[in-house]
Amino acid sequence: MNNFLVLRLLDRLEGGFRRIGVDYKVMRSILQMKLTMDGRRTPTVLSGSQRKDEKKEGSPFPVQWMYVLMGVLMIMIILPRDHFMLQMSLIFSITMFMITTTLISDFASVMLDLRDKNILFSKPVNRITLNMAKSIHILVYLLTLTLSLTGPTLVVSLFRHGILFFLLYAGEIILMDCFILVITALLYLLIMKFFDGEKLKDIINYVQILLTIGITVGYQLVSRLFDLVELSAAFKPAWWQYFISPVWFAAPFEMLFAGGSGQGYVLLTVLALVVPLLLIAAYVKLMPLFEQSILKLAEQGSGGKENGRLADFLSRRVCRSREEGMFFRFSWSMMKKERDFKLKVYPSLGFSIVFPFIFILNPVFTGNSAMLKDSRGYLFIYFSAMMLQTILLMLRYSASYKGAWIYRVIPLPGTGPIYRGMLKAALFRLLLPLFLVEAVLFIGLFGIHIIPQLAAALLSLLIYAVLCFRILPRALPFSEKFEAVKQKDFTASSFILLFLLAGLAGVHYIFTLFPAGVYVYLLILVLANALMWKRTFV
C-alpha cells in the first residue's frame, strides 16, 4: 500500500502518540488502509466531474479543482487593506459553507462508518488507538479540503499583509476545521441518543437537509451584518451576531490590523478561540460514547419500512398501465430504502428548498415586504427544480444493482413503462411535495393572485423533468453500482439543463407581460406536456 505523506509526517510524532496510550504501529496501519480506501470512494459533491482514468494514483482524496477555483476567486476579497471585519467574515462564511456542506453530504458515511467494526473489534486494538485513527482520518480529510479552498488566499495574505496575518489566518483555519468537525459529530451524537436502527438512519438524512438549509441561510446573513455605503463597510454590533461563527474568526483581524476596539470585538475574539477548544475537549471526552452510539446504526428497526399504501394509491391514479404502475411502486420503494441514494440526494433537496427564497430576501430584510406583492419574484420558484438533475442521475445507481437481471426476464414490449413509472415516482415523491410547500410560502409572500402563475410553473417543471430525462444518458433504474458514477462526465449536460431551466422561467416571464397571458401559457403547457410525455416514453 501507499506510504502517504500524511503518514510520514505522523511518524515524527510517534513518541507523543505512544505517551498518551496509542499503539502507533496499529494506528498507522488503520490510517493507511482508510486513506487507500478513500482513493477508491465515490465523492458526492463532485460526482461526475472527474473521470476514473484522470484520477491521480496514490492520492487519498480527489483533487478538488472546484474549491481551488473558488479559492482563487476569493483572492479579490482578501487583497484590500481595510474593512478586515467584512473581508474575513465573507471569507470564513464561504469557507465554512463549502466545507460543512461537503462534510455533510460526502463524509458522513466515514464519520458513521460501521464496516470496519467487525474486523477491528475482534482484534487486540484498544479503543484509544481506534478513536485516534478515526479522528486523524477525518481531520486529514478536512485539512486537505480546506487547503484546496483557502490555499490561494493564504499565499496572497503572506505577501500582502505580512507573516503575522498569515500565521493568524492559518491558525484560525485549523480552529475552524475543528469547530466544524466537532459540531457535526456532537449533532449526530445527540440524534443517536434518542433514536436507533433504521429510524436513526432516516433522521440523519433529514438532519442533513436541515443543516444544508441552516448553513445556506447563515451564509446569506453574513452580508446583512454590514452597511455598504459609498464603498465603506460599517460593522453594526448586535446581540444575535454572537451566534454567527464566521464573525468570531473575523474579529481578531479587525482588532490587530484595523485598530478595532471595544467590548464586542474582544468577546468575539474570545469566542473564536475558546469555543473550538472547549468543543474539542468535549469531543475527546465523548468519543467513546460516540463510537458506542454508532453501533445503533446496525440495529434493525421499523423506521425504514415502507407500507406501500400511498405508492399503491398514486400508481392507480397517475399510471396508464399495470406495468407502469408496477415500476412506479418499485422506484418509490427503492427511493425510500436505498441508503446511498438518500445520502447523495437529500442534501440537494436542502439547496432546492432555500435557493428560491435567497433572491427575495433583500426586501424582507430591509422591511420592504410590500413591494413583493407587485413583483414577479414568484418566478424564482423555478429554482426548486435544481435537484432534478441529481435525482435522475442517482436513480440509475443502487447497492443492489445485481438484481437488475429482473429487467431481462419481465415480458415487456419496451422500456417506456419502466422509465415513465420511474420518472413519475421521482416527481411525486420528491419534487411535488417540495414545490407545494414552497408554493404555500410564496402565496403568503406575494398574495393569492399568483396561484395561476404557480400552476404554470409546475407544468413547466414537468416539461423540464422530461427534458432532463431526454438529455441525460439513460440507464434502467437502480441497475448500476454507485462506484460507476465517477466514470461518467455529466458536466456539459448539467450546464445545458441549467440554461433550459432559466429559459423556461424567461418564457414564463414574457407571458406575464400580457393581460391574461398566464392563461394562454397554461393552455400551451397542458398541450406541450401531453405531447412530450407521449413522444418521449414510447
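In this predicted model, Thr-146 has a relative accessibility of 1% and therefore counts as buried, the limit for that class being under 20%. Thr-146 belongs to helix H9, which spans residues 127-161. A polar atom of the Thr-146 side chain lies 2.6 Å from the backbone oxygen of Leu-142. When residues up to four places away in sequence are set aside, Thr-146 touches Thr-95, Ile-99, Gly-151, Ile-173, Met-176 and Asp-177. For one of these partners, Asp-177, the separation along the chain is 31 residues, and the C-alpha atoms of Thr-146 and Asp-177 are 7.9 Å apart.

Thr-95, another of the residues touched by Thr-146, is located in helix H6, residues 84-106. The relative accessible area of Thr-95 is 1%, so Thr-95 is buried. Beyond four places in sequence, the contacts of Thr-95 are with Met-74, Thr-146, Leu-149, Thr-150 and Met-176. Met-176 thus appears among the contacts of both Thr-146 and Thr-95.

The protein chain as a whole contains 23 helices and 2 strands. Of its 538 residues, 51% are buried. Among contacts between residues at least 6 apart in sequence, 81% join residues at least 24 apart. The accessible surface of the chain amounts to about 25900 Å², and carbon and sulfur atoms account for 67% of that surface.

The largest nonpolar core comprises 65 residues, of which Phe-341, Tyr-382, Leu-395 and Leu-423 touch the most other members. Two or more residues of this core are supplied by each of helices H14 (309-318), H15 (322-337), H16 (339-358), H18 (388-394), H20 (416-446), H21 (451-471), H22 (491-512) and H23 (517-536). H20 provides the largest share, with 13 residues. Leu-423 is in contact with Leu-392, Ala-465, Val-466, Phe-469, Trp-533 and Phe-537, leaving aside its neighbours within four places in sequence. A separate core of 52 residues lies apart from the largest one and includes Phe-165, Met-192, Ile-244 and Phe-249.

Helix H14, one of the contributors to the largest core, has Ala-311, Leu-314 and Ser-315 as its buried residues. These residues lie on the same side of H14, because the arc they cover around the axis is only 105°. In general, an α-helix has 3.6 residues a turn, so residues three or four places apart point the same way. The buried residues of H14 pack against H15 and H20. On the other side of H14, Arg-309, Arg-316 and Arg-317 are exposed.

Positive phi values in residues other than glycine were found at Phe-478 and at Ala-516. Phi of Phe-478 is near 60°, and this residue lies in the loop between H21 and H22. With a relative accessible area of 3%, Phe-478 is buried. Phi of Ala-516 is likewise near 60°, and Ala-516 is placed in the loop between H22 and H23. Ala-516 has a relative accessibility of 49% and so counts as partly exposed, since the exposed class begins over 50%.

Definitions and conventions
Residues are numbered from 1 along each chain as its sequence is written. This is a predicted model: local features need pLDDT of at least 70, side-chain atom pairs count only at pLDDT 80 or more; totals for chains, interfaces and linings use all residues. Side-chain values use heavy atoms; hydrogens and water are left out. Helices (H or I, at least four residues) and strands (E, at least two) are DSSP runs, numbered from the N terminus. Buried means under 20% relative accessible area, exposed over 50%, partly exposed in between (1.4 Å probe, protein chains only). Contact means heavy atoms within 4.5 Å. A polar contact is a pair of N or O atoms within 3.5 Å; within protein, one must be able to donate a hydrogen and the other to accept it, and residues adjacent in sequence count only if both atoms are side-chain atoms. A nonpolar core is a set of buried Ala, Val, Leu, Ile, Met, Phe, Trp, Tyr and Cys residues joined through side-chain atoms within 4.5 Å. Accessible areas come from the Shrake-Rupley method with a 1.4 Å probe; for residues, only the protein chains shown count as cover. The arc is that of the directions from the helix axis to the C-beta atoms.
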